[in-house]
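Here are some exercises to work through with the model open beside you. Try each task before you read its solution.

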Amino acid sequence: MSAAQYAVDGAVAVIRLDNPPMNTLAHALREALMRHLARAAADASVKAVVLAGAGRAFCAGAEIREFNTPKSIASPNLRELIAAIEALDKPVVAAIHGVAMGGGLELALGCHYRVAAPGAQLALPEVKLGLIPGAGGTQRLPRALGVARALAMIVSGDPVKSEQVAGTGLVDEIVAGELVPGAVGFAERIAARRPLKRLRDLSVTADAAAFAEARKKAAKEQRGYPAPARAIEAVEGSTTLAFDDGVRNERRIFDELVATPESKALRHAFFGERAVAKVPDVPEDTPTIEVKRVAIVGAGTMGGGIAMAFASAGFPVTLLETSREALERGLATVRKNYAGAVARGRLAQGEMDARLARIGSTLSYDDIRDADLVIEAAFEDMRVKKEVFAALDRAMKPGAILATNTSTLDVDAIAGATSRPESVIGLHFFSPANVMRLLEIVRAKRTSKPVLATALKLAKAIRKLGVVSGVCDGFIGNRMVEQYLRQAGFLLDEGALPQQVDRALQDWGMAMGPFAMSDLAGNDIGWAIRKRRRVERPDFGYSAVPDLICELGRFGQKTGAGFYRYEAGGRAPIPDPEIDKLVLEHSRAMGIERRAIPDDEIVERCIYALVNEGARILEEGIAMRAVDIDMVYIAGYGFPPYRGGPMFYADTVGPDKVVAAIERYAKGYRGDSWEVAPLLARLAREGKTFN
Ligand code: NAD
């Protein structure tokens with residue numbers, strides 16, 4: 001079957017892109033379009049052409065399945081296709097519905113006219129992959145829409161709706177009724193008009209203020225991303241260069257960006273989003289369990305957030321607690337959080353009411369027995385978990401999925417408290433669970449494949465990024481972050497202050513530094529873990545500073561003070577001279593002569609600690625692939641996407657250089673905290689990479 005269909009309606013040829021599901025510009029589609037354009041050109045009875053998409057969309061751009069294959073650049077490429085349209089002596093009308101994105105919008109811009117269905121989304125999202133449009137988008141869009149609006153679209157990469165641009169050169173007309181017949185009618189009306197309206201023939205005037213404004217905005221909001229500034233440069237070319245020179249300039253910038261580590265990292269993250277959903281031994285056709293009703297045990301911080309995540313996605317949820325008071329407290333927090341979103345204008349009151357109406361509550365297991373999925377979010381205590389799972393085993397219908405939100409406990413042991421370990425899985429949400437995108441899906445030894453496949457599907461349904469982890473203390477994310485926090489602590493002993501460590505890592509691209517992050521999560525959580533480690537792993541050293549801070553009752557934002565102080569009700573960390581004093585006195589008491597620590601050292605020690613533990617996690621098979629670790633860090637820990645995640649970043653630096661740095665630090669203060677992970681050492685030796 002051809003990837004595009006050809007039909008004639010009176011004097012109008014209708015060519016339909018037909019490469020399901022989103023009509024991406026695969027080589028076969030480009031070839032078919034070329035063929036059909038030639039046919040329309042040759043048929044004297046055809047006076048105009050409509051280019052439309054079959055199925056869900058006009059065209060979502062490049063075919064990612066052909067990325068990095070010869071097909072992606074094989075002739076006819078998109079530029080040749082657009083040139084063929086522009087060379088036609090009959091008008092071509094793009095009829096846009098669903099989406100016209102990236103190359104799809106560039107194709108539409110190559111047409112003489114564009115009509116669209118209401119609600120169609122138009123975007124040039126290339127900056128999100130560290131690139132710019134590469135088939136004339138930066139030259140034609142300003143000619144269609146004016147410099148200011150074109151800049152806004154190209155530099156943000158965000159979509160606009162067809163109605164917002166109706167009546168501009170981007171969308172000539174909105175077709176209210178059926179799109180293709182409407183487009184054919186439009187084509188008949190304009191068929192005789194000459195000269196043909198080609199965007200490339202227009203000129204566009206410079207708008208110095210718009211460029212200055214865009215540069216300022218990009219520098220502030222997209223720090224660390226190289227593409228926005230280059231996109232502005234390309235658009236500027238549309239105002240200073242002849243069309244073909246502008247296109248050549250765009251191409252040159254595109255080629256330079258493709259080679260940057262940032263763009264490679266962003267593309268890695270883009271593919272990572274899809275890669276994490278694939279589990280090699282769980283085929284795509286694995287049967288899944290239908291989840292219609294959800295129950296949650298424990299209505300505390302996590303239980304309430306998880307309930308919101310499901311209710312917001314349309315699932316009916318029942319919260320189960322041990323007392324009426326605990327239930328009321330939990331529900332009140334849920335209401336308060338939704339009300340906050342309404343007050344900020346992010347949620348409509350009606351939608352809040354609908355979501356709240358989906359959340360029920362109970363004190364009895366009898367009321368949740370019909371749930372298809374139950375998630376336990378009770379206290380982090382193995383005795384409590386085992387009790388709850390034994391009760392769930394008695395109460396829940398056969399086949400129900402029994403999940404635990406434990407952060408550190410052994411999911412195999414929890415499964416052992418039931419007679420159906422194959423139904424048990426970990427669903428590790430991050431706080432606040434209604435906001436954070438990451439969901440670690442913990443595959444226990446006996447978790448069945450349908451249960452795992454269902455969890456992966458559910459993650460999507462509640463708009464989370466599900467990443468599979470094996471069972472170990474801390475799973476992927478928290479096990480690695482412990483090493484990161486240990487290094488951050490040692491840096492305080494040796495000469496740094498919390499605000500310096502945080503600033504260095506933030507300047508490097510982390511959304512938040514480690515100490516501000518601890519203050520947000522609650523310092524008492526780490527304190528409890530360190531107390532446990534002292535018994536379990538006496539070899540595992542820590543700086544005493546975080547403990548000293550906890551002993552002062554400074555648990556972070558929730559107590560108004562931690563590594564920083566906070567204004568009443570505020571969330572902005574304010575450096576606190578009290579803490580500076582505490583840190584200096586601690587070094588003195590330990591007999592350490594403090595030294596000025598360069599920012600590079602801070603970044604290397606903290607980030608390489610992640611890499612090194614990540615290598616162990618990979619070697620132990622806790623993570624299936626390096627990309628899973630990278631996605632955990634990007635989606636859950638504020639790791640800069642343009643650095644691709646810790647393992648990808650190590651690949652960029654070179655494992656040999658990472659090893660050399662760790663070996664150097666292993667000779668310094670608390671060098672005993674470092675030992676190069678065997679996998680990392682092997683990659684360095686063999687000149688290989690993680691990804
Ligand atoms: P929390 O103390 O805020 O809430 C726990 C709730 O469980 C309380 O309301 C308590 O009344 C209820 N509960 C206790 N025993 C129960 C039982 N037998 N039956 C029904 N309800 C019971 O704790 P939290 O922070 O929400 O943590 C819950 C779980 O989630 C823990 O396992 C924790 O490790 C994990 N977790 C926490 C975070 C976090 O950042 N807080 C992040 C990820 C995972």
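A polar contact here is a pair of N or O atoms within 3.5 Å; within protein, one must be able to donate a hydrogen and the other to accept it, and residues adjacent in sequence count only if both atoms are side-chain atoms. You are looking at a predicted model, in which local features need pLDDT of at least 70 and side-chain atom pairs count only at pLDDT 80 or more, while totals for chains, interfaces and linings use all residues. Residues are numbered from 1 along each chain as its sequence is written, and side-chain values use heavy atoms, with hydrogens and water left out.

**Exercise 1. Find the polar contacts of the ligand.**

Step 1: start with the backbone. A backbone N or O atom of Ala 378 is 3.4 Å from a ligand oxygen, and a polar backbone atom of Met 302 is 2.7 Å from an oxygen of the ligand.

Step 2: turn to the side chains. Lys 385 places a side-chain N or O atom 2.6 Å from a ligand oxygen.

Step 3: look at the cover. The ligand taken alone exposes 830 Å², and the protein buries 80% of that (Shrake-Rupley method, 1.4 Å probe).

**Exercise 2. Describe the shell around the ligand.**

Step 1: list the elements (DSSP runs numbered from the N terminus: helices are H or I of at least four residues, strands E of at least two). Those giving two or more residues to the shell are α11 (301–312), α14 (382–395) and β15 (424–429). The largest share, three residues, comes from α14.

Step 2: sort by class. The shell has nine nonpolar, nine polar and three charged residues.

**Exercise 3. Trace the neighbours of strand β2.**

Step 1: pair β2 (two strands pair if DSSP finds at least two bridges between them). Strand β1 (residues 4–9) joins β2 in the antiparallel sense over six bridges, with Gln 5 opposite Arg 16. Two residues separate β1 and β2 in their hairpin, and Gly 10 in the turn has a positive phi of about 65 degrees.

Step 2: take the other partner. Strand β3 (residues 48–53) runs parallel to β2, again over six bridges, and Ile 15 stands opposite Leu 51 in β3.

Step 3: check the cover. Five of the six residues of β2 (residues 12–17) are buried (under 20% relative accessible area, 1.4 Å probe, protein chains only).

**Exercise 4. Is Leu 456 buried or exposed (over 50%)?**

Step 1: locate the residue. Leu 456 lies in helix α16 (residues 449–461).

Step 2: compare with the cut-off. Leu 456 has a relative accessible area of 11%, so Leu 456 is buried.

Technical notes. Nonpolar A, V, L, I, M, F, W, Y, C, P; charged D, E, K, R; others polar.
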